Amino acid sequence: MRIHLCCVVAASIVTCEASAQLPSQPSAVRAVGTWRGTSVCLVRPSPCHDETVVYRITQMKAADSVSIDARKIVRGQEEEMGVLACRFVSRGNELLCVLPLGLWHFAVRNDSLTGELRLNDSTRFRDVRAMRAPNE
């Protein structure tokens, strides 16, 4: 019995040390899920409108890549805005999504997703604040 107990304790210590050394999940993985929040226009006047948004983020084949299915809520219904292909960049710990007109930057911290769209001339065009949807 004493030998068995020693083995259990030793195995527990090894397991705890091994899990403590595991790297935290990259932002690409932490971002996977459904996010709900707001996307606010920062340039006025412009054709841009403030929106309530839903982002469904899924993992792509590459470990550092995700797809963002972006939707807006209009009269209580989701309307498709488009799908973004994004990559995790460890420098800055953020997701970057390149568009012809600019660059989306997203950061995930716990259950909060923040982002901005910067146009090619560096103008901050949109600001996004979203929370992870329950049960995601």
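**Exercises on a predicted barrel model**

Buried residues account for 34% of the 136 residues in the protein. The model is a predicted one.

**Exercise 1.** State how many helices and strands the protein has, and give their order from the N terminus.

Solution. Start with the count: the protein has 2 helices and 8 strands. Then read along the chain from the N terminus, where the elements run α-α-β-β-β-β-β-β-β-β.

**Exercise 2.** Determine in what order the strands close into a barrel, and in which sense they pair.

Solution. The 8 strands close in the order β1-β2-β3-β4-β5-β6-β7-β8, with antiparallel pairing. From one strand to the next, the twist averages 30 degrees. Next, take one pair as an example: β6 (residues 102-109) and β7 (residues 112-119) are antiparallel and share 8 bridges. Within this pair, Phe-106 has Gly-115 of β7 as its bridge partner.

**Exercise 3.** Describe the largest pocket: its volume, its lining and the strands that contribute.

Solution. The volume is about 320 Å³. The lining consists of 17 residues, and those nearest the centre are Met-81, Leu-99, Trp-104, Leu-117 and Arg-126. Now assign the lining to strands: β2 (51-59), β4 (77-89), β6 and β8 (124-132) each supply at least two residues. The most comes from β4, with 4 residues.

**Exercise 4.** Find what area the protein exposes and what share of it carbon and sulfur atoms supply.

Solution. The exposed area is about 8,900 Å². Carbon and sulfur atoms supply 58% of that area.

Conventions
Residues numbered from 1 in each chain as written. Predicted model: local features only at pLDDT ≥ 70, side-chain atom pairs only at ≥ 80, totals over all residues. Heavy atoms only, no water. Buried < 20%, exposed > 50% of the residue type's maximum accessible area, 1.4 Å probe, protein only. Areas by Shrake-Rupley, 256 points an atom, 1.4 Å probe, with all protein chains shown as cover. Pairing = 2+ DSSP bridges. Axes fitted to C-alpha atoms, helices over the stretch in contact; angles between N-to-C directions. 1 Å grid on protein atoms, 1.4 Å probe; cavity = no way out; pocket = protein on both sides within 12 Å on 5 of 7 lines; lining within 4 Å. Points joined across faces, edges and corners; volume = space filled by probe spheres on them.
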